[in-house]
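Please open the structure in your viewer and keep the sequence panel beside it. This tour moves from one selection to the next, and at each stop it says what is there.

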Amino acid sequence: MKDDLLFQTNQLIIKIPSPEKILIIFNPISSAGNTEALACQLEMELTLHGKDVEVCTSEKKMKGYTRLSDNIAASDLVVVVGGDGTIRKLLDAINKTGTPVYAIPGGNESLFARSYEMSIHADDLLRAINSGTCLQQFYGLISGKGIKGEKPFFHMASMGLDSLTVKNIGKRKGPLNDSIYIWHGLKALCSLHHPTVSVSVDGELVVDHGSGYIIVANNSAYARNLQLVPAADPSKNELVLGFLPGARHQHELIKAMRILQRKPANLPMQYFSGKNISCTLHDRAYPLQVDGDYFRNRDIEAESTVDFSISPRPIRVLIPSCLNTNTLQICSMPENS
């Protein structure tokens with residue numbers, strides 16, 4: 001079940017034995033706060049189908065998951081009931097143990113779950129378990145001066161209105177909802193300024209002291225089909241940098257309109273891709289948001305360099321049987337086809 005041969009990078013779609021021992025991890029403060037009830041319902045359904053199920057709560061910090069590493073390693077599948085922040089904190093643990101992951105959308109956006117057409121329904125999870133089809137997916141790593149080790153992310157890291165917004169939300173306790181994000185987003189818009197950065201991709205300077213919105217993406221999923229970086233794909237072992245030079249308030253209004261329409265942003269962004277991206281922040285400190293969280297609860301200091309790289313090996317994502325067949329075919333195609 002945990003054979004490293006399954007991690008061959010040229011084999012994106014793999015089959016695993018139907019998981020029998022399942023660990024459910026739920027985040028009690030995700031979204032509307034109903035994740036515990038969802039986790040208990042899943043436990044009951046899986047147990048009725050003969051599965052060995054354990055349920056536990058998520059940890060507030062990534063280092064807390066070291067206490068669950070043995071449980072994760074002993075499981076055939078980890079089911080996460082929560083949002084993208086919960087997934088992010090689990091990336092290292094599920095990578096080291098080789099345990100596949102499945103997500104139940106329980107966060108405000110739940111981009112991870114929605115990217116793979118995962119639902120809250122136990123029947124969909126059971127069909128995925130019986131199918132045993134996994135995608136091998138890469139994720140991003142963040143390092144730099146003052147950052148201990150490498151911090152993982154699955155979707156994106158960015159500096160702009162979104163990072164100012166999550167900083168404003170800050171250490172708020174309890175479930176979050178759309179109205180909270182809208183309120184803090186309006187506050188951020190009133191004080192919006194963009195960072196000045198220099199960026200290198202695989203050693204080549206692509207932005208030299210440019211001011212604007214910046215995003216490093218591993219996945220195209222972003223806020224209700226906005227697709228700010230449509231070429232980003234966790235099936236590829238590279239990251240995509242999106243930069244909007246001279247970003248203005250009107251660009252945020254365009255984004256807001258497109259979110260309501262559930263359409264891609266189609267902003268005049270510049271794109272660069274590679275395995276290693278270095279971003280140096282100039283002028284003054286600025287917040288960084290990572291998968292919807294305020295990174296380390298502190299701003300990136302002026303003249304600091306943040307390095308982004310791709311994970312050396314992928315994680316395994318158990319996918320629902322309803323996932324579009326074309327999606328699987330695209331994932332299995334060689335990059336140069």
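**Stop one: a charged pair in a helix**

Begin by selecting D124, which is buried, with a relative accessible area of 17%. Bear in mind from here on that the model is predicted. Now add R127 to the selection, and you will see that the side chains of R127 and D124 meet in a salt bridge, with N to O at 2.7 Å. Both residues lie in helix α5, three residues apart, which is about one turn of the helix. An α-helix has 3.6 residues a turn, so residues three or four places apart point the same way. R127, unlike a buried residue, counts as partly exposed, at 44% relative accessibility.

**Stop two: the rest of the helix**

Extend the selection to the whole of α5, residues 122–131, where the buried residues are A122, D124, L125, L126, A128 and I129. Against which elements do the buried residues of α5 pack? They pack against β2 (21–26), α1 (35–48), β4 (77–82), β5 (101–105), β6 (133–137) and β18 (315–318), so it is worth colouring these elements. Just after the helix comes G132, whose phi is positive, near 65°.

**Stop three: two further salt bridges**

The structure holds five salt bridges, and the next one to select is the pair K51 and E20, whose side chains meet at 3.2 Å, N to O. K51 lies in the loop between α1 and β3 (52–57), while E20 lies in the loop between β1 (13–15) and β2, so the pair ties together parts that are 31 residues apart in sequence. Is K51 buried or exposed? K51 is buried, with a relative accessible area of 10%, whereas E20 is partly exposed, with a relative accessible area of 41%.

Then select D299 and K167, which form a salt bridge whose closest N and O atoms are 3.0 Å apart. This pair links distant parts of the chain, with D299 in the loop between β16 (293–294) and β17 (305–310) and K167 in helix α6 (residues 161–169), 132 residues apart. D299 counts as partly exposed at 22% relative accessibility, and K167 also counts as partly exposed, at 34%.

**Stop four: a buried charge without a salt bridge**

Move to D291, which you will find in the loop between β15 (289–290) and β16. D291 is buried yet has no salt bridge, and the nearest side chain of opposite charge, R88, is 4.8 Å away. What does the side chain of D291 reach at 2.9 Å? It reaches the backbone nitrogen of H155. If you leave aside neighbours within four places in sequence, D291 is in contact with D84, G85, R88, F153, F154, H155 and M156.

**Stop five: a histidine in a helix**

Select H251 in helix α8, residues 249–261, and note that H251 is buried, with a relative accessible area of 15%. Not counting residues up to four places away in sequence, H251 touches L244, G246 and L267.

**Stop six: the largest cavity**

To finish, select A157, M159, I214, V216, C279, L288 and F308, which line the largest cavity. The elements that give two or more residues to this lining are β9 (156–159) and β11 (204–217). About 40 Å³ of space lies in the largest cavity, and a search of the whole structure finds two cavities of 30 Å³ or more.

Note on methods: Residues are numbered from 1 along each chain as its sequence is written. This is a predicted model: local features need pLDDT of at least 70, side-chain atom pairs count only at pLDDT 80 or more; totals for chains, interfaces and linings use all residues. Side-chain values use heavy atoms; hydrogens and water are left out. Buried means under 20% relative accessible area, exposed over 50%, partly exposed in between (1.4 Å probe, protein chains only). Helices (H or I, at least four residues) and strands (E, at least two) are DSSP runs, numbered from the N terminus. Contact means heavy atoms within 4.5 Å. A salt bridge is a side-chain nitrogen of Lys or Arg within 4 Å of a carboxyl oxygen of Asp or Glu. Lys and Arg count as positive and Asp and Glu as negative; His and the chain ends are not counted. A polar contact is a pair of N or O atoms within 3.5 Å; within protein, one must be able to donate a hydrogen and the other to accept it, and residues adjacent in sequence count only if both atoms are side-chain atoms. On a 1 Å grid over the protein atoms alone, a cavity is a set of points where a 1.4 Å probe fits but cannot get out, and a pocket is an open set with protein on both sides within 12 Å along at least five of seven lines; lining residues have an atom within 4 Å of a point. Grid points are joined across faces, edges and corners, and a volume is the space filled by probe spheres set on the points.
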